[in-house]
Amino acid sequence: MAIKYVPYFPNTLEGQAVLDNFVRTKRVLRYRDNDQVIERVQRGMPLYEMEQKEQIGRNPNHNMVIRGECLSSCAYLKDQGVQVDLVYIDPPFASGADYAKKVYIRRNPKVAEAIAQAERELDIEELKAFEEKMYGDVWDKERYLNWMYENLMAIKSVMSETASIYLHLDWHIGHYVKILMDEIFGEDNFKNEIIWGYRIQGVGKEFWGRKHDVLFYYTKNNEYIFHAEKENVVYEKPFIDTLKEYPAMNTLSEKDKANIIECIKNNTPLNDKYKSKLFFKYYANVYVRDVWDCDRTKPLISGSSEYLDYKTQKPEGLLDRIIKASSNEGMVVADFFGGSGVTAAVANKLGRNFIHCDIGINSIQTTRDRLLADKAEFDVLEVKDGVSLYRNPVQTMDKLKSLINGLRNEDALDKFWEGSIVDTKYGMMPVYLPNLMDSSTRLLDKVLMNRIIREALPDLPADTKRVIVYYIDITDRNEIEQFIKEQNNQTTIEIELRDLKQVLDEVVVEDEADWELTETQDNLFKGWKVEIKSFHSDRVMRKINETNLKGQQQSIAKGKVFKPIEISDEGLETIEWISLDCTNAEKQNAWQSDAEVKIDNKGYVILNGKKTQDFWDATIKCDRKPLRMKIRNICGDETVYVFS
């Protein structure tokens with residue numbers, strides 16, 4: 001459970017407009033005890049234990065990559081006295097869409113033919129892949145706004161007095177959140193609604209194509225950092241006297257182009273030879289507007305060197321503009337919905353310190369590998385709040401109905417209940433499950449139990465005899481059970497408490513690996529070598545079997561021949577990354593990656609963050625004897641093995 005609750009801004013700014021069509025979370029408890037009405041208000045961010053999972057480099061600037069939700073991450077930062085100078089967040093858009101990660105089967109390093117093809121271009125069609133859901137952006141409006149309200153309040157509590165925030169949304173929910181931003185940060189601190197336009201994916205057939213996002217730019221106070229940026233805007237005609245001339249670029253040599261671009265940047269006159277020979281257009285050196293529809297911030301990153309095959313990934317050019325404009329070198333830039341890690345990566349390149357937070361393990365792994373390749377120094381931390389029971393909260397919620405024996409949908413029940421279990425003795429038993437995306441439901445305390453007793457139980461069918469309440473974390477089970485006895489006097493319904501962690505722990509099977517560790521010495525290498533003989537992941541194989549079954553059914557329906565995804569007996573195609581720790585042997589110590597290999601989608605090796613054109617040969621080497629080994633499968637699960 002939470003160590004404590006860290007206070008944050010409990011009230012909105014006086015005199016601001018308030019969005020009035022949803023009820024903000026107020027953890028208020030009212031109940032009768034010894035003929036007295038007890039009222040308790042619990043507001044604050046839950047502070048959980050933070051575990052250091054890995055340290056990359058010496059990290060003197062205390063850069064952080066945190067696996068945890070926004071609220072608990074902010075609680076940790078506030079408790080540690082950490083303040084951030086610039087926030088960029090790209091949270092879920094409440095779009096109703098599901099986002100999936102494409103998982104690629106790697107090439108089998110035991111097959112000699114694959115090694116022989118190292119110098120040849122790989123056939124992309126040969127790459128076998130399946131999709132795995134990363135997260136679902138499916139919310140009802142009230143819950144989304146409540147969730148966002150708490151997050152924004154928490155973020156504000158860790159912002160420095162001169163800090164700014166950029167909130168990235170689109171047409172689905174942005175107009176509602178804009179009012180929340182006014183309420184939290186103040187209308188006077190609103191600076192821009194930035195339109196980020198893009199020219200991809202065609203146009204709408206029944207209405208105008210929705211081809212822009214919005215960024216709401218607010219400052220915390222009147223004093224803030226902003227460095228205005230200029231750009232050259234081209235016009236066809238000199239309709240105002242202040243326009244300057246420059247030649248048509250498509251008629252110039254590369255050398256001439258470079259010379260002219262330099263002149264434009266420095267606002268210096270062009271060489272006479274261009275004026276005498278070339279046709280002129282016109283330009284103005286102006287400050288950048290709040291409509292961004294240009295190459296520097298284009299979203300079309302697929303196929304580029306920075307593309308990581310990560311859904312919702314944003315281009316570095318977009319963050320480059322924001323970070324340069326609203327921060328200085330050495331300042332702290334934070335992203336609490338970090339995704340692919342673009343904010344942290346750009347901040348690092350620009351000499352800023354960074355904090356990356358995200359709930360999903362895929363985000364943490366993608367960002368960690370991305371920053372390692374950029375030679376960044378940082379700590380990987382994990383909030384021990386019980387959310388990472390499976391791999392990410394959405395995946396957990398999707399799996400729960402199949403993991404809880406007998407749980408089924410029940411249309412007759414209120415949305416408060418996830419479903420029901422039918423029992424021969426008690427009949428239909430409604431089941432409550434905590435929403436892992438909503439921190440206010442994760443901890444079962446008197447406040448939440450009071451809500452269940454006062455609001456949820458009275459609305460159940462009259463013949464309901466028992467309900468089941470699952471929890472992730474609980475303040476004190478004996479205390480809650482005593483509270484139920486004292487307060488549940490309006491109904492005859494029994495309340496059974498169950499620990500959700502026990503359900504999930506029983507189904508998680510760690511990956512199995514067989515290896516050979518040898519000390520080697522030859523003309524090319526002296527040190528230790530680990531050869532992976534076999535690797536088997538129950539979770540990956542179950543996912544592949546699901547994909548094959550679905551593909552077979554679709555092929556039969558279409559009358560086509562189905563070619564299933566097949567894995568060799570060794571199973572090495574399901575390995576994405578291996579790391580050796582030659583420094584720390586104890587489980588409780590942070591991981592030290594002294595040597596690592598990552599196998600990309602085409603089977604090439606990324607050795608200690610550096611890309612190569614070599615295929616993986618099923619080995620990993622280091623100059624010291626390894627103490628521990630960590631293997632990540634292609635779905636992102638990591639298992640640690642200790643060398644004897």
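# A walk through the predicted structure

Of the protein's 644 residues, 51% count as buried. The model is a predicted one, and the description below moves from the overall make-up to the cores, then to particular strands and charged residues.

The protein contains 14 helices and 34 strands. Among contacts with a separation of 6 or more, 74% are between residues 24 or more positions apart. The exposed area is about 32,600 Å², and carbon and sulfur atoms supply 46% of it.

The interior can be taken up next. In soluble globular proteins, nonpolar side chains tend to be buried together. Here the largest nonpolar core has 49 residues, and the members that touch the most others are Ile89, Ile155, Ile165, Val177, Phe336 and Ile355. Helix α3, residues 141–157, gives the most to this core, contributing nine residues. Val177 can serve as an example of the packing: leaving aside residues up to four places away in sequence, Val177 touches Tyr144, Leu145, Met148, Leu152, Leu167 and Leu169. A second core, separate from this one, has 30 residues, including Leu215, Leu318, Ile364 and Leu372.

A lysine also deserves a look. Lys178 lies in helix α4, residues 174–185. The relative accessible area of Lys178 is 18%; the cut-off for buried is under 20%, so Lys178 counts as buried. Apart from residues up to four places away in sequence, Lys178 touches Phe190, Phe216 and Tyr218.

Strand β17, residues 332–335, shows how one strand is placed among its neighbours. In a regular strand the side chains alternate between the two faces of the sheet. In β17, Val332 and Ala334 point one way while Val333 and Asp335 point the other way, and all are buried. Strand β7, residues 84–89, runs parallel to β17 and is joined to β17 by two bridges. Within this pairing, Val87 has Ala334 as its bridge partner. Strand β18, residues 353–358, also runs parallel to β17, with four bridges between them, and Asp335 stands opposite His356 there. The path from β17 to β18 involves helix α8, residues 342–349, and the three elements make a right-handed β-α-β unit.

Further along the chain is strand β28, residues 575–581. Seven of its seven residues are buried, so β28 is largely enclosed by the rest of the structure. Two partner strands can be named. Strand β33, residues 628–633, runs antiparallel to β28 and is joined to β28 by six bridges. Strand β29, residues 595–599, is likewise antiparallel to β28, with four bridges between the two. Ile578 takes part in both pairings: Ile578 stands opposite Ile631 in β33, and the bridge partner of Ile578 in β29 is Val597.

Charged residues come next. Side chains of opposite charge can pair when their charged atoms come close. The whole structure holds 30 salt bridges. One of them joins the side chains of Glu576 and Arg106, at 3.4 Å from N to O. This pair links distant parts of the chain, with Glu576 in strand β28 and Arg106 in the loop between β8 (98–104) and α2 (112–116), 470 residues apart. Both Glu576 and Arg106 are buried.

Asp369 takes part in two salt bridges. With Arg368, the closest N and O atoms are 3.1 Å apart, and both Asp369 and Arg368 are buried. With Arg632, the side chains meet at 2.8 Å, N to O. The second pair again spans distant parts of the chain: Arg632 belongs to strand β33 and Asp369 to helix α9 (residues 361–373), 263 residues apart. Why do Arg632 and Asp369 count as buried? The cut-off is under 20% relative accessible area; Arg632 has a relative accessibility of 2% and therefore counts as buried, and Asp369, at 9%, counts as buried too.

These pairs belong to one network. Salt bridges that share partners join Glu54, Arg106, Arg368, Asp369, Glu576, Glu596, Lys598, Lys630, Arg632 and Glu638. Glu576 brings strand β28 into the network, and Arg632 brings in strand β33. These two strands are the antiparallel pair joined by six bridges.

Notes. Residues are numbered from 1 along each chain as its sequence is written. This is a predicted model: local features need pLDDT of at least 70, side-chain atom pairs count only at pLDDT 80 or more; totals for chains, interfaces and linings use all residues. Side-chain values use heavy atoms; hydrogens and water are left out. Buried means under 20% relative accessible area, exposed over 50%, partly exposed in between (1.4 Å probe, protein chains only). Contact means heavy atoms within 4.5 Å. Accessible areas come from the Shrake-Rupley method with a 1.4 Å probe; for residues, only the protein chains shown count as cover. A nonpolar core is a set of buried Ala, Val, Leu, Ile, Met, Phe, Trp, Tyr and Cys residues joined through side-chain atoms within 4.5 Å. Two strands pair if DSSP finds at least two bridges between them. A salt bridge is a side-chain nitrogen of Lys or Arg within 4 Å of a carboxyl oxygen of Asp or Glu. A crossover is right-handed if, with the strands pointing away from the viewer, the path from the first strand over the helix to the second runs clockwise.
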